Amino acid sequence: MINSVKYLSGSIIITLNQEVTALASTVDGGLRNGIKYIIHHQVPKDFNNDPIKEVTKVHRELSISSDKAITFLTATELPRNHITHREVINDAEIEVSITTGLTNPYRIERGGSIEVWGGLHESTINMAIIISKPLTVQAMIDAIMLSSQVKALTLAELTNGKIHGTTSDAVAIITPINGNRELYAGPATTIGKAVTHAVYNAVMKAYETYVKPKP
């Protein structure tokens, strides 16, 4: 789980209390073991560089091994638009780290078409979902699927059906390496219900932070 959260050189650096397994859609993602850090890095709104090179540069500047980090890129304002949210439901502890930007939203229309408006490559809704229980890869896929569905439905609720996500969203599921692994994390499971509740409340909290007028 989260040990510390710091803001340094345009990045949110989250240090975990142990090395973990991550399944992520970040540019440095995939299925990875030995992860110790979650990084949210702010890029310019007109960012058009090689994202892998950008991530490598960030790791070098922060003196963090690329083998031990997963890295989200966003153009939203940091640290203002970053929140963490923690819940304990039954015996499952869930922590969500989320950044929010809605300048490039999309909506899925009836008939399966996608409507996109606003600029591209600007802001994102990036979520790292940290689960206290070890999961199988199948269960991690369940959790990614469920958390993405919850995010879309929550955004639709908040925007009267106008927004389901942004064109550059990313998500990561993070679980301990060792221990008895939960086989599934779908909506009928304890883990799935905990993820659903935590992600819903995290997106609500993140949205409220994002739309709140600056002082």
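Strands, in the sense used here, are DSSP runs of E that hold at least two residues and are numbered from the N terminus. By that reading, leucine 31 belongs to strand S3, which covers residues 30-42. The model described here is a predicted one. Leucine 31 has a relative accessible area of 49%; because exposed means over 50% and buried means under 20%, leucine 31 counts as partly exposed. Its C-alpha atom lies 10.0 Å from that of isoleucine 174, although 143 residues separate leucine 31 and isoleucine 174 along the chain.

A good place to continue is strand S9. This strand runs over residues 125-131, and 7 of its 7 residues are buried, so the rest of the structure largely encloses S9. In a regular strand, side chains alternate between the two faces of the sheet. In S9, one direction is taken by Ile125, Met127, Ile129 and Ile131, while Asn126, Ala128 and Ile130 point the other way, and all are buried.

The partners of S9 come next. Strands of a sheet can pair in parallel or antiparallel fashion, through backbone hydrogen bonds. Strand S6 (residues 92-100) runs antiparallel to S9 and is joined to S9 by 7 bridges; threonine 100 has isoleucine 125 of S9 as its bridge partner. With strand S11 (residues 170-176) the arrangement is parallel, and 5 bridges link S11 to S9. Here isoleucine 129 is found opposite isoleucine 173 of S11.

S9 also matters to the account of the nonpolar core. The largest nonpolar core has 31 residues, and Ile129 and Ile131 are the ones that touch the most other members. At least two residues of this core come from each of S6, S9, H2, S11 and helix H3 (190-211). H3 gives the most, with 9 residues.

Helix H2 covers residues 137-158 and can be checked with simple arithmetic. Its 22 residues, at 1.5 Å a residue, should span 32 Å, and its end C-alpha atoms are 31 Å apart, which agrees. Just after H2, asparagine 160 adopts a positive phi of about 55°.

What of the empty space inside? Rolling a probe the size of a water molecule over the atoms shows where such space is left. The count here comes to 1 cavity of 30 Å³ or more, and the largest cavity holds about 40 Å³ of space. Its lining is made up of Met1, Gln18, Val20, Ile130, Ile131, Ile174, Thr175 and Pro176. By type, these lining residues divide into 6 nonpolar and 2 polar, with no charged residue. Strand S2 (11-24), S9 and S11 each contribute at least two residues to the lining, and S11 has the largest share, with 3 residues.

A further sheet remains to be described. This one is open and consists of 3 strands in the order S8-S7-S10, with antiparallel pairing. Strand S8 (114-116) and strand S10 (165-166) are its edge strands, each pairing on one side only. Between strand S7 (residues 105-108) and S8, which run antiparallel, there are 3 bridges. Arginine 107 is set opposite glutamate 115 of S8.

How values were computed. Residues numbered from 1 in each chain as written. Predicted model: local features only at pLDDT ≥ 70, side-chain atom pairs only at ≥ 80, totals over all residues. Heavy atoms only, no water. Buried < 20%, exposed > 50% of the residue type's maximum accessible area, 1.4 Å probe, protein only. Helix = DSSP H or I, 4+ residues; strand = E, 2+ residues; numbered from the N terminus. Pairing = 2+ DSSP bridges. Expected span 1.5 Å × (residues − 1). 1 Å grid on protein atoms, 1.4 Å probe; cavity = no way out; pocket = protein on both sides within 12 Å on 5 of 7 lines; lining within 4 Å. Points joined across faces, edges and corners; volume = space filled by probe spheres on them. Nonpolar A, V, L, I, M, F, W, Y, C, P; charged D, E, K, R; others polar. Core = buried A, V, L, I, M, F, W, Y, C linked by side-chain atoms within 4.5 Å.
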